[in-house]
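Q: Could you take a close look at the salt bridges in this model with me? I would like to go through the partners and their surroundings one by one.

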Amino acid sequence: MRHAGSSGAGVGYRARLVWWKKGRIAAAGAAVVAALAGTSMAGVPAASASVSETVIVTATGLLSPAAAVEEVGGTVLTQYHLINGVDALILTAEEPVLAALPGITVTPDVSVSVQSTTVSTGPHTPSDAFLQETGSTQLASGGDTGQGVTVAVLDTGIDNLPDFSGRLVGGVDLTNENNPYQDSYGHGTFVAGLIAGDGASSNGQYSGEAPGAKLVSIKVAGADGTTHLGTLISGLQWAADHQSIYGIEVLNISLGFQPSQSTVNNPLDQAVEAVWNSGIAVVASAGNAGPFNGTILSPGDDPLVITAGALGDLATGSLPDDGLSDSGSAAPTPPDGWVTPDLVTSGRSVVSLAAPGSTIYNNYPSARVGSANFVGSGTSFSAAITSGAAALVLADNPGLTPNQIKARLLGNTSPGPVGNPFVDGHGALNAYAAATAGPMNFNQSAANLTPASPGTTVSLSPTRPVDTWNTNLWSGTSWNQTPSDGWAWNGWAWNGGDWNGWAWNGGDWNGWAWNGATWNSGDWSGWAWNGSAWSGSAWDGSAWSGSAWNSSAWS
C-alpha cells in the first residue's frame with residue numbers, strides 16, 4: 001500500500017473489486033437514483049427493459065448468497081466479507097425467483113449519482129463560523145486540534161493540498177481513475193477540508209473542525225460524481241480491513257440513497273453497522289430532501305451511526321440566532337420509523353477547500369472564494385464538521401469506543417433551534433462540551449412524537465422554548481448503567497449484545513422465528529385472542545382506567 005503522494009495507492013485492491021464494472025448492464029426499470037447528500041437530488045428516467053441487472057444479494061439463512069445466485073444462473077461479480085453478501089449479475093426475470101429463496105434479500109445495485117452541486121443558499125455571507133459555534137476554536141487554543149486521530153473519507157477523493165500536508169496518510173481508488181489523491185469531482189476535497197483543513201491555502205483564513213487530524217481517502221466516484229451501491233460497500237469493507245494499518249477511528253460518509261428496505265435488510269446499513277462494530281465511529285449525512293417527513297437517506301437512517309442534519313449559522317458564531325436548513329431531510333425513517341438526525345450543525349453557506357480543475361470548480365465559478373476555497377450547502381458538510389468534532393473528542397479522550405463517542409456528542413448538544421427530534425435531533429453540535437465532559441449516560445425522556453404520513457411537511461417552527469429532547473436530561477457517569485427506571489433508553493440494552501451482537505443480525509430477526517408457524521398458527525387466530533381473556537374484566541376494569549395509567553408517572 002502506498003501513502004499520500006503515490007498515485008497508485010490501493011490499485012491492486014481496486015482491480016480485484018471493480019474489474020467487472022466496465023461490462024455492467026443497466027438495471028431494468030432502475031428508477032431509484034441516489035445523490036451525494038451534500039448536493040441536490042435529481043431523478044433519472046427509468047431505464048428501458050433489459051435482459052440483465054446487477055444486484056446486491058444478502059443472506060440470513062443456511063443458503064449462501066453465492067449459492068443462491070448460482071441457483072438462478074447468475075454470475076457473482078464481487079464477494080463481500082464485511083457482510084454476508086455478493087454483488088451479482090442476474091437475468092431480470094430471475095429476480096423474483098432469487099428473492100423468494102429462503103433467507104435471501106435482493107437489492108438493486110443502484111446508481112449513486114451527483115447531478116449538480118448546491119452552492120450558497122444564504123441568507124448570510126459564506127463563512128466558517130461553525131468553528132466558534134461548535135467550540136473548535138476554544139479547543140484548539142487549549143491544544144486539541146484532533147491530532148493523532150485518523151478520519152477516513154468515503155467520497156470522490158481528496159486532492160493532496162498544502163492544507164493536508166503530512167496528514168493525508170493513505171487511501172484507495174475504487175474507480176477507474178487510479179488515484180485516491182485526485183478529486184476530479186470536487187466534493188471529497190471540500191468535505192475533507194471541513195474535517196481537517198489547516199488553512200494553509202488561505203493564509204489561515206479558512207480551516208476545518210479538527211485541523212490536526214489525519215485523513216484517509218476512500219475514493220468511490222470519479223469526475224462525473226457517480227458510483228454504485230456495491231462500490232460503497234467495497235469502500236466500507238476496505239476501511240474495516242485497513243483500520244489497524246492507518247489507525248482509522250472515524251469514517252465520514254457524506255452520501256446516501258433513498259431506502260426502501262428496513263435497516264435490518266438494507267446491505268448498506270448492514271455494512272456501516274459492521275464498520276461500527278469493528279471499532280470505527282461512522283458519521284453519515286441526513287440528506288437534502290426536506291422538510292418532508294420520511295426523507296432520511298441510507299445509511300443515515302441506521303440507528304447505530306451518528307447522523308447529522310444542517311443548521312444555518314448566520315455567520316455570527318452564536319447559536320441562538322440559528323435556524324434549520326429547510327432542505328434538510330426529516331424523520332421518521334421509512335419503513336422502520338427511527339428518529340434521526342441525531343444532531344445538527346452548520347451546513348449552509350460554509351467555506352472549505354476547492355479542488356482546482358474539478359467538475360464543480362469549473363461548473364460553479366460563482367461559488368469560488370478567493371483562489372483556493374469554495375462555498376457549499378448541504379448535510380454532507382454538516383456530517384464533515386461532525387466527523388471533525390468526533391476527532392476532537394478522541395484527541396482529548398483516547399480509546400473511546402464508537403458508542404462512547406456517540407454518547408458524548410449527543411449528550412452534550414446545545415438546544416436545537418426547533419426542538420423537534422424529527423429535524424434537529426438531540427440539538428446543536430457542541431464539540432467543546434463533548435470533548436471536555438465526563439463519561440456520558442443516556443438518561444433522557446423521549447419527546448412525545450406524533451407519527452406523520454410519508455411526504456408530510458415537517459414544521460421548522462420552534463415547538464417549545466427549550467428542547468426537552470436533549471437539555472439537562474443527559475446526566476450520570478455511566479453509559480452502561482444497570483437497568484432502572486427508563487432502562488430501555490439508557491441501560492445495557494443500548495450497548496450490549498442486543499444492539500451490536502448476534503441478536504441484531506442473527507436468526508432472531510431474520511430466521512424462522514419471524515416467518516414460522518408461531519406467527520401463523522392457531523395461537524394468533526384462536527380463542528386466546530378472541531376469548532374472554534381479551535374482553536373480560538381484566539381488560540375493562542379499574543386496572544386499565546385507574547390511577548396507574550393516568551397518573552403523573554405517564555404524563
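To begin with, is Asp198 buried, partly exposed or exposed?

A: Happy to! Please keep in mind that this is a predicted model. Asp198 is partly exposed, because its relative accessible area is 34%, between the 20% limit for buried and the 50% limit for exposed. Its salt-bridge partner is Arg167, and the closest N and O atoms of the two are 3.8 Å apart. This pair connects distant parts of the chain: Asp198 sits in the loop between helix H6 (187-196) and strand S9 (214-219), while Arg167 sits in the loop between strand S7 (150-155) and strand S8 (168-173), with their positions 31 residues apart. Arg167 is buried, as its relative accessible area is 10%.

The count comes to three salt bridges, so let's turn to Lys219, which appears in a network of salt bridges with Asp173 and Glu177.

Asp173 pairs with Lys219, and here the closest N and O atoms are 3.6 Å apart. Because Asp173 belongs to strand S8 and Lys219 to strand S9, their salt bridge ties together parts 46 residues apart in sequence. Both Asp173 and Lys219 are buried.

Glu177 also forms a salt bridge with Lys219, with a closest N and O distance of 2.6 Å. Again the link is between distant parts of the chain, 42 residues apart: Glu177 is in the loop between S8 and H6, and Lys219 is in strand S9. Glu177 is partly exposed, with a relative accessible area of 23%, whereas Lys219 is buried at 0%.

Terms used. Residues are numbered from 1 along each chain as its sequence is written. This is a predicted model: local features need pLDDT of at least 70, side-chain atom pairs count only at pLDDT 80 or more; totals for chains, interfaces and linings use all residues. Side-chain values use heavy atoms; hydrogens and water are left out. A salt bridge is a side-chain nitrogen of Lys or Arg within 4 Å of a carboxyl oxygen of Asp or Glu. Helices (H or I, at least four residues) and strands (E, at least two) are DSSP runs, numbered from the N terminus. Buried means under 20% relative accessible area, exposed over 50%, partly exposed in between (1.4 Å probe, protein chains only).
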